[in-house]
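Please follow this walk through the structure with the sequence and the 3D view side by side. The route starts from a pair of helices and goes on to strands and to two single residues.

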Amino acid sequence: MSALICGSLAFDTITMFPGRFAQQILPEQVHILNVSFLVPTLRREFGGCAGNIAYTLAKLGGEPLVMATVGADDVEYRARIASWGASTEFVRNVPDSYTAQAIIITDTDNNQITAFHPGAMQAAHTTTVPTDRGVRIAIVAPDGRDAMLQHAQQLADAQIPFIFDPGQGLPMFDGAELNRFIAQASWVTVNDYEARMLSERTGLSIEAMSRSHLKGVVVTLGAEGCELWEQGVHTRVPGVPATEVLDPTGCGDAFRAALLYGLERDWTLERCVGLGNRIGALKIASRGGQNHVIDRTALGV
């Protein structure tokens, strides 16, 4: 059965700044901020949350069904998705637009500054969640604002359990909207920064959030692993050391693919996030969001 992935497809322009942002940005001068970073390296990668999640899920042996919008420059990306054996049936072309573009600068501490042009993603709400494709589980990942709201509602109406993954889209929503997402979702996953913002906007602590209909709340902590909350019970799942730290781009998406893979197979949530931590360690040792190699036998999946 398919896992529906609602989110963005994008092209990522990734650069590395061989220094620390903190040494270049003066806190007392941010009201007149004017900085420039010399970035000697540059790569263009396939990206976007839906694309990155689908890549890892397909490599794990899952069946990703991508629902996203692309622009007139979509030929390469469609071919790439098809090369994984995944369907592009719900990847819709929006004429007279570009596929979303992200420009990412990463410093030596793995901090990132990103500029994002949404392009065709702004029309993502015009695609409707399919209810006749045997979808067992879904994820609402960062996408157009209206698309995230509508797809969450459509999944709830169809009684399809889904992960709410607000990611960098979280600031687009107020407390009432975020509370509605939480009420509709079966699981919530955020990083530690997003967890604080989500709590502030909803008025709910992560613990209180988990004491609800939710089957679990996952807070990722980068190299430190993640926190797992189930009905108010907190479990710390340690991280997995990476053989090399090259590029954090797409690590969160790889982790979420592991969640989808395990949840679709009725694993415990702790087992799911354990796989997610191992996949994240694999991804960070590879550049880009869709270049890491997955050995299913070594992972035991």
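In this predicted model, a good place to begin is the contact between two helices, where Cys49, Asn52, Ile53, Thr56, Leu57 and Leu60 of H2 meet Asp253, Ala254, Arg256, Ala257, Ala258, Leu260 and Tyr261 of H8. Sorted by character, the residues of this contact of H2 with H8 comprise nine nonpolar, two polar and two charged ones. As for the geometry, the axis of H2, which covers residues 49–60, and the axis of H8, which covers residues 251–264, come within 8 Å of each other and cross at roughly 50 degrees. Angles from 35 to 65 degrees fall outside the parallel and perpendicular classes and count as oblique, and the two helices H2 and H8 are therefore described as oblique to each other. The crossing in which H2 passes H8 is right-handed.

From the helices, the path leads to an open sheet of four strands, whose order is E3-E2-E6-E7 and whose pairing is mixed. Strand E3 (41–47) and strand E7 (112–117) stand at the edges of this sheet, and because each has a single partner strand, one side of each is left without a neighbour in the sheet. From one strand to the next, the twist averages 20 degrees. Within the sheet, strand E6, residues 100–106, runs antiparallel to E7 and is joined to E7 by six bridges, and Ile105 stands opposite Ile113 of E7. When tracing such strands residue by residue, it helps to recall that in a regular strand the side chains alternate between the two faces of the sheet. A helix also belongs to this part of the picture, since H3 lies across strand E2 (10–16) and E3, and runs at about 60 degrees to E3.

H3 also leads to the first of the two single residues, for Gly85 is placed in the loop between helix H3 (75–83) and strand E5 (91–93). With a relative accessibility of 69%, Gly85 counts as exposed, because the class begins over 50%. Gly85 and Pro64 are 21 residues apart along the chain, and their C-alpha atoms are separated by 9.1 Å.

Further along the chain, there are two successive hairpins to follow. Strand E11 (residues 216–220) and strand E12 (residues 226–230) pair in the antiparallel sense over four bridges, and within this pairing Val218 has Leu228 of E12 as its bridge partner. Five residues lie between the strands in the hairpin of E11 and E12, where Gly222 takes a positive phi near 65 degrees. E12 then pairs with strand E13 (residues 233–237), again in the antiparallel sense, over five bridges, and here Cys226 stands opposite Val237 of E13. In the hairpin of E12 and E13 there are two residues between the strands, and Gln231 takes a positive phi near 50 degrees.

The second single residue is Arg201, which has its place in helix H6 (residues 192–202). Is Arg201 buried, partly exposed or exposed? At 35% relative accessibility, Arg201 counts as partly exposed, because that class lies between the 20% and 50% limits. Leaving aside residues up to four places away in sequence, Arg201 touches Leu170, Pro171, Phe173, Gly175 and Leu178. By contrast with these contacts, the C-alpha atoms of Arg201 and Val75 are separated by 40 Å, the two residues being 126 residues apart along the chain.

Conventions
Residues are numbered from 1 along each chain as its sequence is written. This is a predicted model: local features need pLDDT of at least 70, side-chain atom pairs count only at pLDDT 80 or more; totals for chains, interfaces and linings use all residues. Side-chain values use heavy atoms; hydrogens and water are left out. Axes are lines fitted to C-alpha atoms, for helices over the stretch in contact, and angles run from 0 to 180 degrees between N-to-C directions. Angles under 35 degrees count as roughly parallel, over 145 as roughly antiparallel, 65 to 115 as roughly perpendicular and the rest as oblique. A crossing is left-handed if the near helix is turned anticlockwise from the far one by less than a right angle, and right-handed if clockwise. Contact means heavy atoms within 4.5 Å. Ala, Val, Leu, Ile, Met, Phe, Trp, Tyr, Cys and Pro count as nonpolar, Asp, Glu, Lys and Arg as charged, and the others, Gly among them, as polar. Two strands pair if DSSP finds at least two bridges between them. Buried means under 20% relative accessible area, exposed over 50%, partly exposed in between (1.4 Å probe, protein chains only).
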